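Hi everyone, thanks for having me. Please bring the model up on the screen, and we'll walk through it together.

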Amino acid sequence: MLLFGAAQLVLSFIPNFHSMAWLSAVAAAMSFTYATIGLALGLAKTVGDGAVRGGVAGVPTNTSAQKVWLVAQAVGDIAFAYPYTIVLLEIQDTLRSSPPEGETMRKGNVLAVLATTFFYLCVGCFGYAAFGNAAPGNLLTGFGFYEPYWLVDFANACIILHILGGYQMYSQQIFTVVDRWLAARFPESAFVNRTYAVRILPGLPRYGLNLQRLCFRTAYVASTTGLAVVFPYFNEVLGLLGALTFWPLVIYLPVEMYCVQRRVRPWTATWVALQAFSVVCFAVGTFAFVGCVEGVVKKRLG
């Protein structure tokens, strides 16, 4: 985790989101690679064993309350599976205007959701069919597969590269917001606005070092790394993050933007349907959040 934090500290000084096209492409390729490997290994083990493990009821528990908490954590993990809306507008901003950005993004959204859903369903279903109730939270980094070693190691390396890029894709949004807010709040501050040309290595172009960015981004990466060390719980933490971001960013904002853009009048059939959808998703997100908090606290205290 500390090595991962050190790598993120270096990557965090990428100037802006527009400079990350190469990192995004590498992360996407790594995601596709390890998902394909996980799917193939799960399918191979299921076929090799000649039986489908597990059951409809899922992991057995001693009480109904424990089952409810596990369901809530699973809902949070599912919510985390579609967090790309956080960077949707930033991605659209990098596109050229011919063809129109909205048309390109609409096609991209359809392809992204279909591909993501296909891989998640296949990996989840075949992973559970292969290991049943003993399936680990992460089939590759857990204890799900041991052979072939080289293939599993390669898939784990792809996961690391994917997470390196994914961390930056979302963190750069926070960096951009903070940079703009501080520049508007302190327009005369040299600490915030002055950039110093620094040559880090001989033969390379000079890097524009800003002291505010240096301090804030270092503190940000250090704090997230510290939280990861304190709470090293894969499924519960992912579910918690998914539950936190699902309703406000994936549901509420798009629904409100659609109502404003299409001028949907209050209390019409369309408005009522959209608001009901938003309320239901809010209830689901709250349910998942409470369950994931319970899971994190239980793991930490247990």
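Let's start with aspartate 49, which is partly exposed, with a relative accessible area of 36%. Here buried means under 20% relative accessible area, exposed means over 50%, and partly exposed is in between, with a 1.4 Å probe and protein chains only. Its partner, lysine 45, is partly exposed as well, at 29%. These two form a salt bridge, and the closest N and O atoms are 3.5 Å apart. By salt bridge I mean a side-chain nitrogen of Lys or Arg within 4 Å of a carboxyl oxygen of Asp or Glu. Lysine 45 and aspartate 49 are four residues apart in helix H2 (residues 21–49), so about one helical turn separates them. And the pair has company: Lys45, Asp49 and Arg53 are linked in a network of salt bridges.

A quick word on what you are looking at. This is a predicted model, in which local features need pLDDT of at least 70 and side-chain atom pairs count only at pLDDT 80 or more, while totals for chains, interfaces and linings use all residues. Residues are numbered from 1 along each chain as its sequence is written, and side-chain values use heavy atoms, with hydrogens and water left out.

How confident is the predictor, then? The pLDDT, its confidence in each residue, runs from 0 to 100. The protein averages 85, and 94% of the residues score at least 70. Confidence is highest in H8, at a mean of 93, and lowest in helix H4 (residues 88–93), at 70. Where pLDDT is low, the predicted coordinates should not be read in detail.

Now the overall picture. The protein has ten helices and two strands, where helices (H or I, at least four residues) and strands (E, at least two) are DSSP runs, numbered from the N terminus. Along the sequence, the pattern reads α-α-α-α-α-α-α-β-β-α-α-α. Its C-alpha atoms fill a box of roughly 65 × 60 × 45 Å along the principal axes. Of the 302 residues, 28% are buried. Count the contacts, meaning heavy atoms within 4.5 Å, between residues at least 6 apart in sequence, and 73% of them join residues at least 24 apart.

Back to salt bridges: how many are there by our rule? The count comes to six. One of them joins arginine 217 to aspartate 179, with the closest N and O atoms 2.9 Å apart. This pair links distant parts of the chain, with arginine 217 in helix H8 (residues 211–230), aspartate 179 in helix H6 (residues 149–185), and their positions 38 residues apart. Are these two buried or exposed? Both arginine 217 and aspartate 179 are buried.

Another salt bridge brings lysine 299 and glutamate 236 together, at 3.1 Å from N to O. Again the pair links distant parts of the chain, as lysine 299 is in helix H10 and glutamate 236 is in helix H9, 63 residues apart. Glutamate 236 counts as buried at 9% relative accessibility, whereas lysine 299 counts as partly exposed at 42%.

That takes us to helix H10 itself. The expected span of a helix is 1.5 Å times one less than its number of residues. For the 33 residues of H10 (residues 269–301) that gives 48 Å, and the end C-alpha atoms are 48 Å apart, which agrees.

Which residues of H10 are buried? Among them are Trp271, Leu274, Cys281, Gly285 and Ala288. The buried residues of H10 pack against helix H3 (64–80) and helix H9 (234–261). Take serine 278, also in H10: at 6% relative accessibility, serine 278 counts as buried. Leaving aside residues up to four places away in sequence, serine 278 touches Trp247, Ile251 and Tyr252.

H10 also has residues facing the other way in accessibility terms, such as valine 290, which is partly exposed with a relative accessible area of 39%. Valine 290 belongs to a nonpolar surface patch of about 600 Å², together with Leu241, Leu244, Phe289, Val293, Val297 and Leu301. Patches are made of residues with over 30% relative accessible area and no salt bridge, where like charges are joined within 9 Å and nonpolar side chains (Val, Leu, Ile, Met, Phe, Trp, Tyr) within 5 Å. H9 and H10 are the elements that give two or more residues to this patch, and H10 gives the most, with five. Thanks for listening!

Technical notes
pLDDT is the predictor's confidence in each residue, from 0 to 100. Accessible areas come from the Shrake-Rupley method with a 1.4 Å probe; for residues, only the protein chains shown count as cover.
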